[in-house]
Amino acid sequence: MTQADNPAQGAQMEFRGRMSYGDYLHLEKVLDAQEPLSTAHDELLFIIQHQTSELWMKLAIHEIRSAIVAIREDRLQPAFKMLTRVARIFEQLNSAWDVLRTMTPSEYTQFRDSLGQSSGFQSYQYRAIEFLAGNRNNALLKPHAHRPEVLGKLEDILAAPSLYDEALLLLARQGFDVGVDATRMDWRETRQESAAVLLAWRDIYRAPEEHWMLYELAEKLVDFEDYFRRWRFNHVTTVERIIGLKRGTGGTSGVSYLRKMLEVELFPELWKVRTEL
Ligand code: HEM
């Protein structure tokens, strides 16, 4: 028999006492974790869409954390690679909305009550991403007060500089005047926008060839925020398409809350600098 007759020839077929694909990936755990609470056909889509998003967010957190350390240690090339990956993660999470959009309001209504008060608003990984990037709304710790281990992880993030804070500390190390951002000690709150930082980025963008690494860092950050914004926009559009202007299961005003969130800027001076060039 030739290879063409039996393409699987040579493949390992015996796994008693050996680690298989499913063992390595703990597929039983992953594939047993979908437990619809209703008999509605579309609930499985809803659960899988959220779970896969959370898995990708887990990877995004891993990459952002490592990028923060790399920037702190002046290792910019590895940081660029990680930030590119984060942007790509959000790019593909953006495409994922197309799957969820196949669910109509009539279909969602069949199981919405089963969700009770649960909502993506309580996603601690999403909050971790926002906190790591630099959007630090402490009030949003509250939904996690009943889970000390989750609260502790979010508090730890707030105790250290964010991705943007580290970028500004790097600018300071390279001799740019970034004002108070060079000497901050308390990282808990979102930093205030600053004229000094805007001028520093302006100098970098005006002479990219002189400051290539910082220029590239700026563009990596903008790329990340660009895809993150698109995620927010796709979310609110999908939400409006499915629930209109109803309140969210998490208790907010729904679409109008999410529209407000579209205004949040993670790296404000990097957007403002465009006007200055
Ligand atoms: C039928 C689909 C969906 C609907 C109707 C929906 C609806 C909502 C609403 C109304 C909110 C505002 C909070 C509230 O009052 O509940 C919200 C927040 C949120 N949702 Fe969704 N959502 C959907 C799908 C998803 C998916 C697939 C994810 C992926 C993980 C997600 C993640 C989030 C996050 C992270 C927030 C918090 C946003 C923030 O605070 O800025 N949602 N969602």
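**Exercise 1. Determine which helices each supply at least two residues of the shell around the ligand in this predicted model.**

Solution. Step 1: list the helices that qualify. They are helix 3 (43-72), helix 10 (212-243) and helix 11 (255-261). Step 2: find the largest share. Helix 10 contributes it, with five residues. Step 3: pick out the residues that come nearest. The shell has 24 residues, and the nearest of them are Ser-119, Gly-120, Gly-248, Gly-250 and Thr-252. Step 4: sort the shell by residue class. Ten residues are nonpolar, 14 are polar and none is charged.

**Exercise 2. Describe the secondary structure and overall dimensions of the chain.**

Solution. Step 1: count the elements. The chain has twelve helices and zero strands. Step 2: write the order along the sequence. The pattern is α-α-α-α-α-α-α-α-α-α-α-α. Step 3: take the extents. The C-alpha trace spans about 65 × 60 × 35 Å along its principal axes. Step 4: state the burial. Of the 277 residues in the chain, 22% are buried. Step 5: examine the contacts. Among those between residues at least 6 apart in sequence, 68% join residues at least 24 apart.

**Exercise 3. Classify Phe-46 and Thr-249 as buried, partly exposed or exposed.**

Solution. Step 1: establish what the record says. An unreviewed UniProt entry carries the annotation "binding site" for Phe-46, Ile-47, Ile-48, Gln-49, His-50, Tyr-108, Arg-112 and Thr-249. Step 2: place the two residues. Phe-46 sits in helix 3, while Thr-249 belongs to the loop between helix 10 and helix 11. Step 3: apply the cut-off, under which a residue is buried if 20 or more other C-beta atoms lie within 10 Å of its own. Phe-46 has 21 C-beta neighbours inside 10 Å, so Phe-46 counts as buried. Thr-249 has 19 other C-beta atoms within 10 Å and is therefore partly exposed. Step 4: list the contacts of Thr-249. Leaving aside residues up to four places away in sequence, Thr-249 touches Arg-112, Leu-115, Gln-117, Ser-118 and Ser-119. Of these, Arg-112 is also covered by the "binding site" annotation from UniProt, and Ser-119 is one of the residues that come nearest to the ligand.

**Exercise 4. Locate Thr-84, classify its exposure and give its C-alpha separation from Leu-199.**

Solution. Step 1: assign the element. Thr-84 is part of helix 4, which covers residues 76-100. Step 2: use the neighbour count. Thr-84 counts as partly exposed because it has 15 C-beta neighbours inside 10 Å. Step 3: read the separation. Thr-84 and Leu-199 are 115 residues apart along the chain, and 25 Å separates their C-alpha atoms.

Methods. Residues numbered from 1 in each chain as written. Predicted model: local features only at pLDDT ≥ 70, side-chain atom pairs only at ≥ 80, totals over all residues. Near = placed C-beta within 6 Å. Helix = DSSP H or I, 4+ residues; strand = E, 2+ residues; numbered from the N terminus. Nonpolar A, V, L, I, M, F, W, Y, C, P; charged D, E, K, R; others polar. Buried ≥ 20, exposed ≤ 12 C-beta atoms within 10 Å, placed from the backbone. Contact = placed C-beta atoms within 7 Å. UniProt positions renumbered as here; feature names shortened; annotations may be inferred.
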